[in-house]
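Could you walk me through a few aromatic pairs and one serine in this protein? I would like the reasoning along with the values.

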Amino acid sequence: MAISDDLSDYIIAPDPGAARLTRAVEGFDQNGQATQISVVEERPLTIFLNSQEIVTAMTIGDYPEYLALGFLRNQGMLLPDDVITSTDYDDDLETVVIRTERETSYEEKLKKKTRTSGCAVGTVFGDMMEGLEDVRLPAVQVRTSWLYGLSAKINRTPSLYLEAGAIHGTVLCHENKPLVYMEDVGRHNAVDKIAGWMLSTGEGASDKILYTTGRLTSEMVIKTAMMGIPVLASRSGFTAWGVEIAREVGLTLIGRMRGQRFVCLSGEDRVVRDVDPASVPVEDKKHRRKSAGE
C-alpha cells in the first residue's frame, strides 16, 4: 500500500514538510554509525480567555487559534451562545487570547484539575463529566465500507507520523471522506484543534465520524460527545470507563481498527456491515502504527 498523493477530499491535510514542525537531529544507530533523523518539535502555548490565563499546553505549534478555541469549548469555558469578538495569536510570546462579549471568570473551576491519560498529559478543569448529563447523541448509522475506506486512505496520507513518529493524528470525516486531519504530540490537542475548526467554521457534527490513532479513553469519549459527533473510531484500544461513558451517551465506539479487523463496544445496532471483511486488503506493515501489535 503506497503513500497516496490524493488529498482532494481534505479541507485541511497534514503538512509534514512545514517549517518549524520538525527538526533534524544527529545521532548514532545500533552499529555506532552516524545518522540524522527528523524529530517533532514541542512548543508551549499559553491560552487566555479574556484577561484570565487558563493553561499552558505543549504542542507542535500549528493552528494555535483552533487549539485554543477547541480547548476552551471542550472545557465548557466557551458556551454555545458565546459571541467571540477576537482571537489573537502572538508568535513571539507564544500566547493566544480569546475574547468574548460575555465577561468570564473561572477561578473556582481552575482550582480543580485532572491530569488525563494522554501520552503528552492533558488537563481537564472541573468535573470531567460536567455538561454530559443531557448529552444524547443522534443514533446515526455507520457503514463498515466507510470505516474500511477511511482507514485505508488516512493511513496512506503523508503525515508527520510517517515522517517523524512520536505523534498522534485525529481526523474529522463524513461517511468515507476524511475532511480535516490534525496531528499533535497529544491526542487531546489534535481533537481540540478539530473542535476549534468546527467552531470557527460552523461545521455541523451530527453526521460526522471522528477517527483517531490514539486510545479510546474517557477523555477522548467525553470530548467527542461534547462536540456532538456520534461515531468515534480508532486504531488503538479502549479503557473501561471510556466504553461506559460511550454507552451512556449513545456514542458508537469502534476500536482496534486495522486492516480487516475492528471491535465495536458501543452502538453495535447502528453498524451496517455492507462489505465482506475478507475483501478488504490486509494492512501493509509499513503503515502500521505502534498499536498494531495489540
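Below, a reader asks and the author answers.

Reader: Before we start, what kind of model is this?

Author: Happy to say: residues are numbered from 1 along each chain as its sequence is written, and side-chain values use heavy atoms, with hydrogens and water left out. Local features need pLDDT of at least 70, side-chain atom pairs count only at pLDDT 80 or more, and totals for chains, interfaces and linings use all residues, as the model is predicted.

Reader: How are the planes of tyrosine 63 and tyrosine 66 arranged: stacked or edge-to-face?

Author: Rings of Phe, Tyr and Trp (its six-membered ring) pair if their centres lie within 6.5 Å; planes under 30 degrees apart count as stacked, over 60 as edge-to-face and the rest as tilted. That rule gives three aromatic pairs. For tyrosine 63 and tyrosine 66, the centres are 5.8 Å apart and the planes at 15°, so this pair is stacked.

Reader: How many residues apart in sequence are the parts that tyrosine 148 and phenylalanine 262 tie together?

Author: Tyrosine 148 and phenylalanine 262 make a tilted pair, 6.2 Å centre to centre with 55° between the planes. Helices (H or I, at least four residues) and strands (E, at least two) are DSSP runs, numbered from the N terminus. Tyrosine 148 sits in helix 3 and phenylalanine 262 in strand 15, so the parts tied together are 114 residues apart in sequence.

Reader: Is serine 234 buried or exposed?

Author: Buried means under 20% relative accessible area, exposed over 50%, and partly exposed in between (1.4 Å probe, protein chains only). Serine 234 has 0% relative accessibility, so the residue counts as buried.
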